[in-house]
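Subject: Structure handover

Hello,

Here is the structure I promised to pass on. Please open it first, then read my notes below.

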Amino acid sequence: MTTKIKRIGVLTSGGDAPGMNAALRAVVRAAAYTSLECVAIYRGYQGLIENDVKLMNARSVNNIINKGGTILKSARCLEFRTPDGRKRAFENIKKNNIDALVVIGGDGSFTGAMIFQSEFGIPVIGIPGTIDNDIYGTTRTIGYDTALNTVIEAIDKIRDTAISHNRLFFVEVMGRDAGHIALNAGIGAGAEEILIPEEDMGLDRLLESLKHSEKSGKSSSIVVIAEGDKTGKNVFEIAQYVEKNMPYYEVRVSVLGHMQRGGSPSCYDRVLASRMGVFAVESLLEGQSNVMVGVSNDKMILTPLAKAIKGKSKIDKNLIRVSDILTV
Ligand code: ADP
């Protein structure tokens, strides 16, 4: 038997992503629109364990749609991984009369939500917020589009300095397990080569390709490398290897790092976050639980959390071909 939902809780957890605030705003306002009460939980599961909560209303989320990061703050919470920690969290769920929980985060946060749901029966729903776009059950995660725009803007600037000298730039972008950012931003920024975790290009092929470009008249080039590139070498090791074999280039390395997570969310991410937040509240009210909201063919869909966590979000291999063709 399901209890009627009167009050929902919402938190942001795990790695932050631009657009999380827009998602929070949408959840709070959709709750207000449907006459639900909404409690915000600060610092993810840590705040749930410590009862760091605040009752929200439609006006509590004014002027945040354009803000990066998360005003609720995010945290990695070791205690929530223990039965004891989750028991304390559930005591606060009861104390605050929270009937259902909205979790904005990545697959780690969803794993925690799923376990919590199975132990205490509280309805949970996930909203995918991560710049990596590596979650099964949605073609886009909140924050990914903004991160892509941040990366191409940075590479455009690097290109200016690269062409002023005969420089070969190696740019490392985020993506330990997924090459979405590297592949898409790489094409968007006109990179010469793109190295990703999903495909092993091999250093010799990279060298061959750069030599070919150099022979065809290119005096500078940009190579985009995902953190978790399949060669198993980091950006500095790859750059060193190439420098040794191509002495006529000045080789430089640029690690974009955490700037990729920040900044005002793009329009796409704001709209996506708004749609997902509204859909999450509506789905809870329809009795859905243990699912994640996602977008597919521009429609809102639901995927069981278990599937979203286990499934692999695949890169579009056709993009590799497109990149190869365009660097002729
Ligand atoms: P993300 O959600 O971005 O993938 P994490 O993997 O750090 O980030 O997960 C965020 C939080 O979710 C963790 O700090 C922890 O509190 C909770 N969590 C992750 N995995 C589990 C798990 N197996 N059991 C319980 N809680 C978990």
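Start with the ligand. Its surroundings consist of 16 residues. Arg76, Cys77, Gly106, Gly108 and Ser109 are the closest of them. Please keep in mind that this is a predicted model.

Next, the polar contacts. Three residues are worth pulling up on screen, each facing an oxygen atom of the ligand.

- Cys77: a backbone N or O atom lies 2.6 Å from a ligand oxygen.
- Gly108: a polar backbone atom is 2.9 Å from an oxygen atom of the ligand.
- Ser109: here a polar side-chain atom is involved, at 2.5 Å from a ligand oxygen.

How much of the ligand does the protein cover? On its own, the ligand has 560 Å² of accessible area, and the protein covers 83% of that. The ligand also takes up the space of the largest pocket.

Which element gives the largest share of the shell around the ligand? That is helix 4, residues 107-120, with six residues. Sorted by class, the shell holds eight polar, four charged and four nonpolar residues.

Now move along the chain to a hairpin. Strand 10 covers residues 291-296, and strand 11 covers residues 299-304. The two run antiparallel and are joined by six bridges. To check the register, find Gly294: its opposite residue in strand 11 is Ile301. Then look at the turn. Two residues lie between the strands of this hairpin. There, Asn297 takes a positive phi near 50°.

That covers the ligand site and the hairpin. Send me your questions once you have had a look.

Best wishes

Terms used. Residues are numbered from 1 along each chain as its sequence is written. This is a predicted model: local features need pLDDT of at least 70, side-chain atom pairs count only at pLDDT 80 or more; totals for chains, interfaces and linings use all residues. Side-chain values use heavy atoms; hydrogens and water are left out. A residue is near a molecule or strand if one of its heavy atoms lies within 4 Å of it. A polar contact is a pair of N or O atoms within 3.5 Å; within protein, one must be able to donate a hydrogen and the other to accept it, and residues adjacent in sequence count only if both atoms are side-chain atoms. Accessible areas come from the Shrake-Rupley method with a 1.4 Å probe; for residues, only the protein chains shown count as cover. On a 1 Å grid over the protein atoms alone, a cavity is a set of points where a 1.4 Å probe fits but cannot get out, and a pocket is an open set with protein on both sides within 12 Å along at least five of seven lines; lining residues have an atom within 4 Å of a point. A molecule sits in a cavity or pocket if more than half of its atoms lie within 2 Å of its grid points. Helices (H or I, at least four residues) and strands (E, at least two) are DSSP runs, numbered from the N terminus. Ala, Val, Leu, Ile, Met, Phe, Trp, Tyr, Cys and Pro count as nonpolar, Asp, Glu, Lys and Arg as charged, and the others, Gly among them, as polar. Two strands pair if DSSP finds at least two bridges between them.
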